[in-house]
Amino acid sequence: MADKIKRIGNVSKDSSRFLIVGIGASAGGLDAIKKLLENIPENNGMGFIIVQHMDPTHKSGLVNILSRSTYMDVEEVVDGVQVLPEHVYIIPPNKDMGILNGKLQLMEPIEPHGLRLPINYFFTSLAQDQKDKSVGIILSGFGTDGSIGLKAIKANGGICIAQDPSTAGSDGMPNSAINTGLVDMILSPEEMPKKLLSYQKSSHNILKKILTPEDKTIQSLRKIFILIRNRTGQDFSQYKKSTINRRIGRRMNIHQIEDISQYFRYLQENPNEIDQLYKEFLINVTNFFRDPEAYESLKQYALKKLIEEKSDGDIIRIWVPGCSSGEEVYSIAIIIKEIFEETKLNFEVQLFGTDLDLDSIQTARAGKYANISEDVSPERLKKYFYKKDNIYTIKNELREMVIFSTHNVITDPPFTRLDLIACRNLLIYLETAAQEKVLSNFNYALKQDGILFLGPSENIGDFLDSFTVLNNKWKIFKCIKSNGIPFRKLNISTISSNKSVEYWDSIFTVKDSKTGQELNVTNVAEENLINIYAPPSVLINSVGDILYIHGRVAEYLEPSPGKAHMNILEMAIKNIKLSLSTAIQSATNKNQKVVFEHIKINNKKENSHLINLIVNPLKRPETVKGLLLVSFERVFTKIDDSKDNIKLDPLSKCSDHIKALENELTITKERLNTTIEEMTTSNEELKSANEELQSLNEESQSTNEELETSKEELQSINEELSTVNGELQNKIDELSNINDDMTNLFNSTGIAIVFVDSELNIRRFTEESTKLIKLIESDIGRPLADFNLNINYPDIVDDINKVVEKLNPVEKEVTTTQGEWYNVKITPYKTSKSIINGATITFTNINNLKNTQEKIEAALNYSNDIINTIREPLIVLDPQLNVVSANISFFKTFKLTKTEIEGKKIYKIGQESWNINSLRNLLEEILPKNKEMNDYELEYTFPNVGHKKMLLNARRIYRGDIGTELIFLAMEEV
């Protein structure tokens with residue numbers, strides 16, 4: 001024992017990262033637990049915690065039972081105990097249990113007995129506390145407890161094991177766990193310890209090898225991504241490598257594969273493993289109102305104001321990407337409903353929930369959840385959910401607000417014109433480039449002043465001037481984009497590699513002394529530097545439409561007469577129109593910067609000057625590709641307006657030649673002007689066509705959303721119909737089974753029974769009844785009066801009517817035409833609703849009973865005749881010493897009558913005046929033992945006749961043919 005304590009003590013010093021194994025079991029689980037513990041070797045280095053369904057009123061004896069199955073210390077959990085390796089801990093009765101920092105915490109159950117799911121509760125807590133060092137094992141048991149807890153363990157990098165259902169006493173819990181698709185191993189209890197030891201020994205080495213990749217490892221990872229993309233259509237190459245590596249490492253460890261190239265080969269040979277790995281990447285943890293304070297902040301400081309600023313007829317559009325099984329979507333729907341009630345407002349709501357995982361989307365569409373009472377208040381549960389068998393179903397008023405679909409937030413186009421995007425704990429799994437793309441899409445998708453709701457560990461990165469912070473703790477932001485185009489500012493996190501963005505935000509934030517509002521010094525400085533040093537510029541699209549103007553451009557652009565247009569070619573002054581058109585076309589075609597230097601600008605208010613015209617295509621980020629930045633950079637060189645600015649070659653002095661060149665230049669300019677006008681006209685037509693196409697696109701998108709909504713509604717109706725159909729099928733099966741049971745029961749009794757309705761039509765009959773009434777299956781529904789009964793009972797129909805009307809049963813003994821006796825009993829037929837709907841007629845064959853009766857009567861008559869010929873007094877008793885009869889001599893001798901003695905015990909004749917103790921004791925002693933009594937002398941003073949001395953003789957007689965036993969007692973006077 002000392003060695004054992006020393007060894008455990010040594011392990012516990014380094015026990016912060018050992019495996020903690022949670023074992024869930026119920027009915028039939030004790031045998032499985034014993035087999036598991038019996039096969040756990042010494043020095044395993046793991047801690048074991050058993051959570052079993054127990055009677056809350058009964059003290060558990062598991063500690064004593066399981067101590068005989070393992071060398072490890074087995075103990076019942078006490079509150080706050082530290083989990084140690086080589087120990088087995090058992091949950092006490094009537095307790096819920098969690099774990100925090102490796103210490104077990106006991107709690108009083110919230111749910112009443114019968115609704116508790118303690119395995120789910122503990123597994124979820126174990127996953128959150130021990131992460132990848134958590135193990136969940138589901139053993140034999142009824143129900144589904146533990147299945148939800150396995151999801152939490154899997155999401156946190158732990159391992160999930162289920163007992164092979166064929167080895168389980170009750171396969172409900174193992175089958176439920178397996179059906180989740182989360183189970184890593186399906187084993188018998190005897191096989192589990194070996195797998196656990198192998199997993200524990202190799203996990204560190206495999207993970208270390210994956211997290212420090214060499215070229216070979218990187219190549220294998222890329223190939224694995226290709227296999228997954230080919231099979232599922234999803235590309236995980238932009239997900240965080242650390243997360244991906246850990247989850248690949250976990251699958252490798254389960255299969256005991258230490259080289260990633262070998263695992264790639266294993267994936268090629270086993271496509272089902274690709275599916276498992278894909279599900280591994282998609283595992284996530286979600287619940288209703290996760291971080292309740294965050295949802296309350298969203299409600300009070302963002303959504304409520306957004307809704308109050310809406311106008312009649314507006315639609316609230318919300319998108320929840322990465323929604324998993326839908327809890328977050330429905331949480332937001334509940335909040336919106338509550339705001340509507342508080343503000344007395346009501347708007348149409350379009351709430352989109354999307355995710356990569358089709359299985360999760362199907363769960364979300366069904367809207368059925370178990371064990372959510374800890375996350376949702378009782379008031380909300382009652383108001384927004386139906387409850388049946390511990391399953392909570394979303395009510396239609398919420399379900400109709402929501403549309404679910406599969407969607408890849410990285411590659412698929414985003415939804416548009418959104419008031420709120422809630423994307424919590426998705427960005428943390430993406431690489432920086434993917435995060436930027438997703439945030440850029442979010443910025444594009446949100447309306448001006450739309451709300452972005454991120455997870456507590458996420459931020460907006462480089463998009464600092466696209467959003468303002470509403471709540472920094474819970475990451476609630478407001479979109480402040482200008483003209484729909486996001487501009488990224490300096491990433492201040494690059495100022496210092498060991499300081500966060502939030503740190504520098506706080507350093508560079510001050511308060512305005514006049515307004516009291518917070519200002520970001522970095523933003524103010526950048527804005528002023530741009531205004532001072534950047535030349536006047538215009539941001540345009542590929543057809544010249546102006547999207548954004550920086551600085552003073554009035555010298556170069558002016559409104560054109562007629563209908564107002566914001567097109568740079570229409571607004572450009574004459575001096576630069578040709579150069580500007582050529583530069584834009586060249587920059588667009590070549591996708592590179594174009595500079596036209598020293599263009600002369602004639603200004604009426606001041607001297608002419610030269611500018612450099614610069615057209616630069618924008619390439620980053622992806623959302624601004626195709627846009628052009630046009631800059632007018634002034635050249636500070638003095639120009640003499642009285643002289644031609646063109647320097648002529650001294651050798652070229654021929655005025656005629658110059659004249660010709662000028663004419664050619666004029667013609668060229670005219671042609672160019674004509675071309676520009678034609679191009680402008682074409683641009684107008686293209687713009688008009690583009691507007692029409694955009695309108696059609698919006699209509700198509702609206703139609704598509706309506707179709708999607710209709711599809712969701714049809715899907716919901718179909719699911720409800722399927723549920724109802726399933727329930728009806730179950731009812732039919734149950735009724736069929738009950739009908740079979742009743743038919744077999746009636747036929748096995750051998751009793752003829754006929755059921756008739758209130759009109760006396762045949763409802764049902766047993767097989768035995770066909771001997772009395774010629775009935776076949778097709779006779780059901782025919783009147784009973786149509787049949788000839790094989791019994792002498794002419795009034796049967798009248799008696800049935802009387803029973804139905806007056807509800808008084810009728811019972812008669814009748815004979816058949818063959819002379820057999822039957823007891824006919826007619827009783828009212830009562831339905832489950834206590835309605836009289838006919839009668840039940842039972843025909844019981846009593847022929848044997850009648851024959852026996854006749855034999856008994858004949859025997860009694862025979863014995864009476866013999867008894868009466870005897871001169872001495874003689875009395876006949878039954879085995880209980882009751883008087884059956886007596887002879888004439890007995891009545892004369894003792895002056896008694898028949899009514900005074902028959903049916904009474906011998907020692908109570910004449911109101912107990914015959915209470916002869918010696919006679920009573922003798923009869924009770926010898927006669928039950930089948931002994932005889934010969935010449936027993938009795939002297940007694942009898943009432944009515946005085947003192948007599950008698951010799952008594954008694955015999956027990958048994959008639960097997962009639963089943964009768966009698967005692968004959970003869971008295972002879974001495």
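**Close-up views of a predicted model**

**Figure 1. Asp-55 is a partly exposed residue, with a relative accessible area of 42%.** The structure shown in this and the following views is a predicted model. Asp-55 belongs to the loop that runs between strand 2 (47-52) and helix 3 (62-67). Its value of 42% falls between the limits of 20% for buried and 50% for exposed residues, and Asp-55 is therefore described as partly exposed. In the fold, the C-alpha atom of Asp-55 is separated by 6.5 Å from that of Pro-93, although the two residues are 38 residues apart along the chain.

**Figure 2. Thr-393 is a buried residue of the predicted model.** Thr-393 forms part of strand 14, which spans residues 391-394. The relative accessible area of Thr-393 is 17%; because buried means under 20%, this residue is classed as buried. The side chain of Thr-393 is joined to the side chain of Lys-368 by a polar contact of 3.5 Å. When residues up to four places away in sequence are left aside, Thr-393 touches Ala-366, Gly-367 and Lys-368, together with Tyr-384, Phe-385 and Tyr-386. Lys-368 thus appears both among the residues touched by Thr-393 and as its partner in the polar contact.

**Figure 3. Cys-323 and Cys-479 are two buried cysteines.** Cys-323 has a relative accessibility of 1% and counts as buried. Cys-479 is likewise buried, and its relative accessible area is 0%. A disulfide is a covalent bond between the sulfur atoms of two cysteines. In this model the number of disulfides is zero.

**Figure 4. The largest cavity encloses about 80 Å³ of space.** The model contains one cavity of 30 Å³ or more. The residues that line the largest cavity are Val-543, Asp-545, Asn-567, Leu-569, Glu-570, Thr-680, Asn-683, Glu-684 and Lys-687. Two elements, helix 20 (568-571) and helix 22 (655-749), each give two or more residues to this lining. Helix 22 provides the largest share, with four residues.

**Figure 5. The lining of the largest cavity combines nonpolar, polar and charged residues.** This view concerns the chemical classes of the lining residues. Four residues of the lining are charged, three are polar and two are nonpolar. Among the residues shown are Asp-545, Glu-570, Glu-684 and Lys-687, as well as Val-543 and Leu-569. Asn-567, Thr-680 and Asn-683 also belong to the lining.

Definitions and conventions:
Residues numbered from 1 in each chain as written. Predicted model: local features only at pLDDT ≥ 70, side-chain atom pairs only at ≥ 80, totals over all residues. Heavy atoms only, no water. Buried < 20%, exposed > 50% of the residue type's maximum accessible area, 1.4 Å probe, protein only. Polar contact = N/O pair within 3.5 Å; in protein donor to acceptor, adjacent residues only side chain to side chain. Contact = heavy atoms within 4.5 Å. Disulfide = S-S within 2.5 Å. 1 Å grid on protein atoms, 1.4 Å probe; cavity = no way out; pocket = protein on both sides within 12 Å on 5 of 7 lines; lining within 4 Å. Points joined across faces, edges and corners; volume = space filled by probe spheres on them. Nonpolar A, V, L, I, M, F, W, Y, C, P; charged D, E, K, R; others polar.
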